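User: I'm new to this protein and would like a friendly walk through it. Could we look at it together?

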Amino acid sequence: MNGNPAASGSGWPFIRAEIEQLQQLMEDDRGNYLAEAEAQADDLAGYMLAFIGASQARHPWTVELVSCGLAIGNVAYMRWKDEFKRVRPSTLCPGLLPPFGPPAHPAFPSGHSTLGHLIALLLLEIPALQQRHGVFRKFDGSHGGPVADPSGADPLAGTKPIASPLLWLAARLAKNRERIGVHYPSDSSAGRHLAAGLWRALLHEPTAANRIDAPALRMVLAKATAEWQTPW
């Protein structure tokens with residue numbers, strides 16, 4: 001954005017409102033979440049693997065599945081970052097003072113949000129992890145279910161929280177990037193929706209023209225599934 005942001009079009013009020021949200025997060029949240037955000041900055045995969053209790057020794061194919069998510073997600077979000085070239089929030093508001101970074105590449109969409117949500121969706125393809133960390137539509141002691149809603153509604157649409165521990169963690173990863181001032185909320189939302197689109201195209205797209213054929217990913221997923229015993 002060059003010159004006076006207000007002269008750049010009607011998008012500026014929306015951007016300014018997002019920056020005000022980030023200022024509030026800086027004042028209210030950053031100190032409490034800084035250590036966590038720093039740990040997640042360069043080891044997102046390790047953070048998610050620790051959450052589900054996976055290790056290289058016991059779950060090598062699950063670790064490989066997470067690596068597949070990283071590889072696919074990195075290519076996808078960098079393609080759209082190059083398309084939109086959105087400047088980081090601290091470029092427009094230096095007072096956000098990110099404690100580290102910000103990364104040199106553009107802001108939109110959030111890479112951490114894309115990777116966190118995509119990895120969560122891939123892990124939830126494993127029945128045992130789905131039962132533990134899937135979507136809880138009823139809080140009556142029953143186990144978690146698939147992300148796809150039986151009613152046909154899209155649980156990943158919009159920005160509302162999803163009642164899944166793994167998807168909650170993905171949203172927390174994204175929010176921490178807002179707390180340190182390197183992403184706008186709309187970057188996080190875009191990453192969530194990009195991840196959902198990739199997940200559907202890779203594993204759930206019925207139309208061949210819209211499907212991403214990834215036999216290696218399906219093979220890794222099958223081997224990762226065999227590493228987990230279904231608890232119920």
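**Around helix α8**

Analyst: Happy to help! The model is a predicted one, and a good place to start is just past helix α8, which is followed by Gly181 with a positive phi near 85°.

User: What span does α8 reach from its first C-alpha to its last?

Analyst: Helix α8 is made of 15 residues. At 1.5 Å a residue, the expected value is 21 Å. The model comes close to that, with a reach of 20 Å.

User: How are α6 and α8 oriented to each other, roughly parallel or roughly antiparallel?

Analyst: Helix α6 covers residues 111-123 and helix α8 covers residues 165-179. They pack with their axes 8 Å apart, at an angle of about 170°. Angles over 145 degrees count as roughly antiparallel, so the answer for α6 and α8 is roughly antiparallel.

User: Which kind of residue, nonpolar, polar or charged, has the highest count in the contact of α6 with α8?

Analyst: On the α6 side, the residues include His112, Gly116, Ala120 and Leu121. Those they meet in α8 include Leu166, Ala170, Leu173 and Arg177. The contact divides into 1 charged, 4 polar and 9 nonpolar residues, so by the usual grouping of residue types the answer is nonpolar.

User: What covers the buried residues of α8?

Analyst: The buried residues of α8 include Leu166, Leu169, Asn176 and Glu178. Several helices take part in covering the buried residues of α8. Among them are α1, α2, α3, α6, α7 and α9.

User: Which helix gives the most to the largest nonpolar core?

Analyst: The largest nonpolar core has 44 residues, and Met48, Ile52, Leu65, Leu123 and Val147 touch the most other members. At least two residues each come from α3, α4, α6, α7, α8, α9 and α10. With 7 residues, the helix that gives the most is α6.

User: How many residues are in the second, separate core?

Analyst: This core is separate from the largest one, and its members include Leu22, Leu25, Leu96 and Ala107. Its number of residues is 9.

User: Is His133 buried or exposed?

Analyst: His133 sits in helix α7. Leaving out residues up to four places away in sequence, His133 touches Phe51, Ile52, Leu124, Ser164, Pro165 and Leu166. Ile52 in turn has Thr62, Leu123, Leu129 and Trp228 among its contacts beyond four places in sequence. The relative accessibility of His133 is 13%, so His133 counts as buried.

Methods. Residues numbered from 1 in each chain as written. Predicted model: local features only at pLDDT ≥ 70, side-chain atom pairs only at ≥ 80, totals over all residues. Heavy atoms only, no water. Axes fitted to C-alpha atoms, helices over the stretch in contact; angles between N-to-C directions. Helix = DSSP H or I, 4+ residues; strand = E, 2+ residues; numbered from the N terminus. Parallel < 35°, antiparallel > 145°, perpendicular 65-115°, else oblique. Contact = heavy atoms within 4.5 Å. Expected span 1.5 Å × (residues − 1). Buried < 20%, exposed > 50% of the residue type's maximum accessible area, 1.4 Å probe, protein only. Core = buried A, V, L, I, M, F, W, Y, C linked by side-chain atoms within 4.5 Å.
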